[in-house]
Amino acid sequence: MTVQARELTKDYRYGFHDEDVSVFRTEKGISPEVVAAISQHKGEPEWMLRFRLKALDHFLRRPMPTWGADLSGIDFANIYYYIKPVEEQGRSWDDVPESIRLTFDRLGIPEAERKFLAGVSAQYDSEVVYHNIRADLAKLGVVFSDCDTGLREHEEIFRRYFGTVIPPNDNKFAALNSAVWSGGSFVYVPRGVRVEIPLQAYFRINSDNMGQFERTLIIAEEGSYVHYIEGCTAPTYSNDSLHAAVVEIIAQPGAHVRYTTIQNWSDNVYNLVTKRAIAKEGATVEWIDGNLGSKITMKYPSIYLMGEGAHGEILSAAFAGDGQHQDAGSKCIHAAPNTTSNVVSRSISKGRGRTSYRGHIKVLPRATNVQCHVRCDALLLDEESRSDTYPYMDIENPDVTFGHEATVSKVGEDQIFYLQSRGIEEQDATALIVNGFFEPFVKELPMEYAVELNRLLALSMEGSVG
Amino acid sequence: MTDVTVAEGAIARRRLGTLVDGGPAWLGDRRTAAWDAFTALPLPSSSRDEDWRRTDISKLRLGDFAPAGPAAEALVAAARARHARALPQAALVLCGPDGAVSVDHADSLLAQGVIVCPLQEAALRHPEVVRRGLSAVGVDGAYFAALWNALWAGGAFVYVPRGVEAMTPVWVSHLAPEAGAVSFPSTVVVVDERASLTLVEDRVGPGDAAPRLSVGVTALRVADQSRVDDIPVQQLPPGTWHFATRRAALAAGSRYRLLGATLGAGLEKAYWDVLLEGAGAEADVLAVCHARGRQHLDLQSLQLHRARDTRSNLLYKVAARDLARSVYSGLIDVERDAVHADGYVLNRNLLLSRGAVASGVPRLEIKANDVRCGHGNSVGHVDDEERFYLMARGVPAEEAERLIVTGFFADVIDRVSQESLREWLTALLAVEIAGAPAAEPEAATEDAAEPGGRGS
């Protein structure tokens, strides 16, 4: 596989872009006028406009976070906050304008949909251009639409949950998203319904100097199950783009939500995302989070274990190549008795890449009989690479079993030597070891994604020497 | 009140002026630079400073603390008794809170050419060595280190010349200031090439809960191929605000071993920094901490790997009961040239009561690639099964818990090689574990805020 990969192009293969065909865009920069224009263009209810303007106020007042990656390169005035690519959303790919459809063809989305997905959403710049869900699921009452449609068609339930998991004043970038959000997914799974095959959303930035601010709200009612997958790519431009999403998940008692991300933005995208889930009694939430692309990612998927017996699982893999900084991690807040969580993080730095694991485990006083375990491992491939681990823990209940382990090492010379002695070239040996290192993550992906991820890794690993 | 306080206004400047005038010029410059840095720095804030995020000292009013007077005779006697019981063969350096220093039992060391004397005296007589010793501690970086650099007085100085293995340990006693006062305990140690030393640093005070302030620095410079065993014991009174920096700079092939016990103070923020500067330097930092009542004990460690083939290992075991809070943060920082560095941190916490809290941040920052680094961190409680096992054999429940906590600390304490010192530390811990109630707070004569509150 690695040999085959090496024959492929050396470039980021999703770096192409289409001609601008947008039908509407706000002027560059952010202001109350821009926010009002977005809301008006979408024909939103008054409460949402007020929500947006309040969020804008938070965004403008909050300082830039300085505790993590270097964000000084972001120029908020030089970004388009809303670009609408098409007039109407398509229900079939034939409804999607040809140039955009070709883009998604090249990304393999329609093919994947035919093969193994229960529903697909495809967002292009600020709006979802294609959306479809299998009829049998729709009949069971499963809602899978873009977030704007969710607001329009299910306002009551939308309003009950929207912004409750991540309030607009949570952090600067959540505030920005709350002010200018557009697109994303709204998922509602009724009580007891199990969506056995995944739903997928695909996010594509096409325009230069673009800010994409999709908003996702997933509500899984009692005893239901859903697996949501998102992927993302962007063209390679010399100017930086900004992606600041907000994802809120509510897992009602006994529900099980799995959220898988394969983040493969081009290396001119700042990816600053807030993702948080609430798990009620006996619910399970899993974040499967893979970060391969972007210039800088700051993303710490969180689980608030609010109900007795809730379980959280965070599995993340990060790869930082030359000039990339993956500042990723996790948070588990144990607020109820008998809750459990498990975090596994694997990261690899190559060239001048830097990976940082930043995590927080908190056990509140009333959360008795809690078990949590955190394991982070990092591999460094070059002299120039860097890896950091910042695991915070606050334990306020004595009745807890908490363990954390971390290691940082380079690819072992003895491992390479062993493989070389069996006739495997050094470069392929390194790739094999890297694949093995990411295995706990990859094996949780549906087969098609696992294959794709392995291929991407092989590409990223090109030219590296242990 | 205000005209007798330190670190605020005219009195502090007058004290600084006296110290500058009374010492060598280089030290005066150092004090002045430190004072300038200190006055420019704000009080560390839990909302602004990452290092202080879990330790809130906003209630500390430096201006409320007067300069310390001479130690009470009872305290001097208590400090001598600790030395006599634990390690009577050690040379004894008694450092009063006012800067008065006395040296006893040092004859055999002096005969070996070892220097054991007050730090201020050493600064005049052996300026080059003292400067070497102090060089690892910057004057202008951190708030309390800057304050100490400006205003320290008295203190202990130990120098072990090249090739000398100090025949007896050095026991430095730092006596707590009286109620409502501040002291600046200081220890500077320089161990030259292929030499060795065992240092015990005992911080002790009376049992009352009146507010006190202690701002200390211990600086150790360990030259090529030398060895230092460093045993800090902290048993300050429960009303004490304690800010301490302990910094060991290790040259090539040197070996540093710290065995610590942290038991006292109301609020402590301690920095234990190990700088592995020379190839092949090794450091083992092993410590126990017992926190009870409303104690808030914060240890921040640094293992800075600057050179190749360096190894560091830290084990920090904390038991917390009542409403006590333990905060541990540690950083293993591996610089680019430190190939084959091997660093490890393990922090284990045992929470004994509802209301006790343990927080931790064991960080890694790795910039070299051919390294092996890791950390572990755990929080647990006394296992019901263990308790049941012991109770089934006729051990009462409370006794069972005491046995389990004692066992938890044993793997650190058992590594103290001097038998009498080990037994003494075991006895100190036994008293803490048994939870003898702290002395009733004396009627506060000063209106200084007490530390150790949970900040609302």
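## Exercises on a predicted model

Chain B is divided into domain 1 (69–388) and domain 2 (389–435). The model is predicted.

**Exercise 1. Describe how domain 1 of chain B meets domain 2 of chain B.**

*Solution.*
- Start with the spacing. Taken over C-alpha atoms, the centres of domain 1 and domain 2 of chain B are separated by 23 Å.
- Count the residues in the contact. Domain 1 of chain B puts in 22 residues, and domain 2 of chain B puts in 25 residues.
- Locate the elements on the domain 1 side. At least two residues each come from α3 (73–86), β13 (255–262), β15 (282–291), β17 (311–320) and α8 (384–392) of chain B.
- Sort that side by class. The side of domain 1 that touches domain 2 in chain B holds 13 nonpolar, two polar and seven charged residues.

**Exercise 2. Find which strand gives the most to the side of chain A that touches chain B.**

*Solution.*
- Set out the contact. It brings 29 residues of chain A together with 31 residues of chain B.
- List strands that supply at least two residues each on the chain A side: β23 (386–395) and β24 (400–410) of chain A.
- Pick the top contributor. β24(A) gives the most, with eleven residues.
- Classify the chain A side. Its residues are twelve nonpolar, eight polar and nine charged.

**Exercise 3. Work out how β23(A) is joined to chain B, and in which direction the strands run.**

*Solution.*
- Identify the partner. β23(A) is joined to strand β20 (residues 357–366) of chain B.
- Count the bridges and read the direction. There are six bridges, and the two strands run antiparallel.
- Check one pair. A:D388 has B:E365 in β20(B) as its bridge partner.

**Exercise 4. Decide whether α10(A) is parallel, perpendicular or oblique to α11(A).**

*Solution.*
- Take the geometry. Helix α10 (residues 413–421) and helix α11 (residues 426–437) of chain A pack at an angle of about 120°, and their axes lie 9 Å apart.
- Apply the cut-offs. Roughly perpendicular covers 65 to 115 degrees, and roughly antiparallel needs over 145. The angle of about 120° therefore makes α10(A) oblique to α11(A).
- Add the hand. The crossing of α10(A) and α11(A) is right-handed.
- Name the residues. From α10(A) come A:Q415, A:I416, A:L419 and A:Q420. They meet A:E426, A:A429, A:T430, A:L432 and A:I433 in α11(A).
- Sort them. The contact of α10(A) with α11(A) has five nonpolar residues, three polar and one charged.

How values were computed. Residues are numbered from 1 along each chain as its sequence is written. Chains are lettered from A and ligands numbered from 1 in the order in which they are written. This is a predicted model: local features need pLDDT of at least 70, side-chain atom pairs count only at pLDDT 80 or more; totals for chains, interfaces and linings use all residues. Domain bounds come from an automatic or database domain assignment. Two residues are in contact if their C-beta atoms, placed from the backbone, lie within 7 Å. Helices (H or I, at least four residues) and strands (E, at least two) are DSSP runs, numbered from the N terminus. Ala, Val, Leu, Ile, Met, Phe, Trp, Tyr, Cys and Pro count as nonpolar, Asp, Glu, Lys and Arg as charged, and the others, Gly among them, as polar. Two strands pair if DSSP finds at least two bridges between them. Axes are lines fitted to C-alpha atoms, for helices over the stretch in contact, and angles run from 0 to 180 degrees between N-to-C directions. Angles under 35 degrees count as roughly parallel, over 145 as roughly antiparallel, 65 to 115 as roughly perpendicular and the rest as oblique. A crossing is left-handed if the near helix is turned anticlockwise from the far one by less than a right angle, and right-handed if clockwise.
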